[in-house]
Amino acid sequence: MSAQFRTIAFGMVVAALLCMAACSRQPSSANDGANTAASPQAASIPAAPAAETTGGFDGARSYKHVAQLVAIGPHPAGSDGIHRAQTYILEQLKSYGCPVEEQDFHASTPAGNVAMKNIIVKIPSANPNMILYATHYDTKRIDNFVGADDGGSSTGVLLELARLLCARKNAETIWLAFFDGEEAFELQWADPDNTYGSRELAASLALSGNLRHVKAMILTDMVGPYNPVFRRESNSTPWLTDMIWSTAARLGYGKVFVNDSAPVEDDHIPFLNRDVPATDLIDLDVPYWHTTRDTLDKIDPRSLAITGHVLIASLPEIEKKIR
Ligand SMILES: [Zn+2]
């Protein structure tokens with residue numbers, strides 16, 4: 001996504017303050033999680049809250065997905081690594097009994113014509129009204145960049161969300177999209193060199209006439225840091241942002257989902273551009289953004305669990321709104 005807001009003075013001040021705060025952040029104690037006790041790596045896995053306390057969303061499971069994606073190594077669009085990431089995501093989704101479709105397409109990029117693949121879980125319902133959750137799973141094309149937070153964290157959240165949602169009957173159609181090609185091929189973000197996967201899905205839904213059924217698109221991206229701060233993304237649809245942020249406040253996460261706002265260009269923009277209500281959960285104010293320091297030690301399972309808890313807990317209200 002684009003960090004254009006960093007270029008305005010206010011954003012720079014905020015970023016500097018957050019960076020100062022981030023420098024003093026320390027991962028919390030790693031040994032109070034009973035659910036990790038049996039693992040030989042337990043000492044190195046930070047604790048996650050018990051799933052019963054976060055709406056059934058298991059932060060430890062979500063974190064393990066992030067660790068697996070990081071272990072794959074760099075996986076930018078069109079690379080060998082991304083095929084391994086695709087295999088992992090597909091295997092996990094199928095193990096949950098999720099109905100999965102692969103959307104293969106070719107994108108014209110600064111690196112030439114590149115084969116890409118969106119992975120889409122389509123949970124059917126008699127009600128055609130659809131809620132679309134989304135993440136990107138590609139990593140930025142930087143040498144040795146593994147994208148634990150940028151690409152990994154939100155993909156770990158959506159995999160765990162898929163496990164929960166595929167196992168139950170939902171009041172409406174729910175899709176979970178794992179986008180390829182969110183990252184720009186060039187170092188700098190410039191249109192149209194970004195959001196290849198989300199633009200492809202939005203365009204194909206428009207072409208098939210099904211875009212009108214998408215009543216809410218909820219994007220997650222960079223949701224894994226210690227002490228995350230999610231600002232209201234200012235391009236997003238206010239009612240949808242309000243529902244998610246008010247759910248977070250009700251659950252006691254008001255210090256995570258804060259009330260100030262900032263613009264971020266991300267995979268929700270192609271849907272907003274086609275008049276689909278959409279919002280974005282993202283903490284872009286991290287000092288390791290688009291550097292090789294975006295590694296697994298930056299990821300707090302609690303942050304994944306908070307994100308998942310808010311997504312699960314806000315669903316009934318969104319369902320009521322779109323019914
Ligand atoms: Zn990125």
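Here are some notes on this predicted model, set out point by point.

1. Overall make-up. The protein has 8 helices and 8 strands. Of its 323 residues, 49% are buried. Contacts reach far along the chain: among those between residues at least 6 apart in sequence, 77% join residues at least 24 apart.

2. The six-stranded sheet. A good place to begin looking is the open sheet of 6 strands, whose order is β1-β2-β4-β3-β5-β8 and whose pairing is mixed. β1 and β8 (278-281) are the edge strands, each pairing on one side only. From one strand to the next, the twist averages 20°.

3. Strand β4 and its burial. How many of the residues of strand β4 (residues 173-179) are buried? The count is 7 of the 7, so the strand is largely enclosed by the rest of the structure. Both of its faces are covered. On one side sit Thr173, Trp175, Ala177 and Phe179, and on the other Ile174, Leu176 and Phe178, all of them buried.

4. The partners of β4. Strand β2 (residues 112-123) pairs with β4 in the antiparallel sense, over 5 bridges, and here Val121 has Leu176 as its bridge partner. Strand β3 (residues 130-136) instead pairs with β4 in the parallel sense, over 7 bridges. In that pairing, Leu132 stands opposite Trp175. The chain gets from β3 to β4 by way of helix α4 (residues 148-166), and this β-α-β crossover is right-handed.

5. Toward the β8 edge. Strand β5 (residues 214-220) and β8 are paired in the parallel sense over 4 bridges. If you would like a residue pair to look for, Ile218 has Thr279 in β8 as its bridge partner.

6. A residue on the β1 edge. Asp104 lies in strand β1 (residues 100-109). Is Asp104 buried or exposed? It has 10 C-beta neighbours inside 10 Å and therefore counts as exposed, since the cut-off for that class is 12 or fewer. Beyond its neighbours within four places in sequence, Asp104 is in contact with Ala115 and Lys117. Gly197 is 93 residues away from Asp104 along the chain, yet their C-alpha atoms are separated by 9.5 Å.

7. A helix across the sheet. Helix α3 (residues 80-95) lies across β1, β2 and β4. Its direction is at about 10° to that of β2.

8. Packing of α4 against α8. The crossover helix α4 also packs with helix α8 (residues 301-322), at an angle of about 45° and with the axes 10 Å apart. That angle makes α4 oblique to α8, and their crossing is right-handed. On the α4 side, the contact is made by Ser153, Gly156, Val157, Glu160, Leu161 and Leu164. The α8 side contributes Leu304, Thr307, Gly308, Leu311 and Ile312.

9. The β6-β7 pair. Strand β6 (residues 230-233) and strand β7 (residues 257-262) run parallel and are joined by 3 bridges. Glu233 stands opposite Ala262 of β7. Together with helix α6 (residues 238-250), β6 and β7 make a right-handed β-α-β unit.

Key
Residues numbered from 1 in each chain as written. Predicted model: local features only at pLDDT ≥ 70, side-chain atom pairs only at ≥ 80, totals over all residues. Buried ≥ 20, exposed ≤ 12 C-beta atoms within 10 Å, placed from the backbone. Helix = DSSP H or I, 4+ residues; strand = E, 2+ residues; numbered from the N terminus. Pairing = 2+ DSSP bridges. Right-handed = clockwise from strand over helix to strand, strands pointing away. Contact = placed C-beta atoms within 7 Å. Axes fitted to C-alpha atoms, helices over the stretch in contact; angles between N-to-C directions. Parallel < 35°, antiparallel > 145°, perpendicular 65-115°, else oblique. Left-handed = near helix turned anticlockwise from the far one by under 90°.
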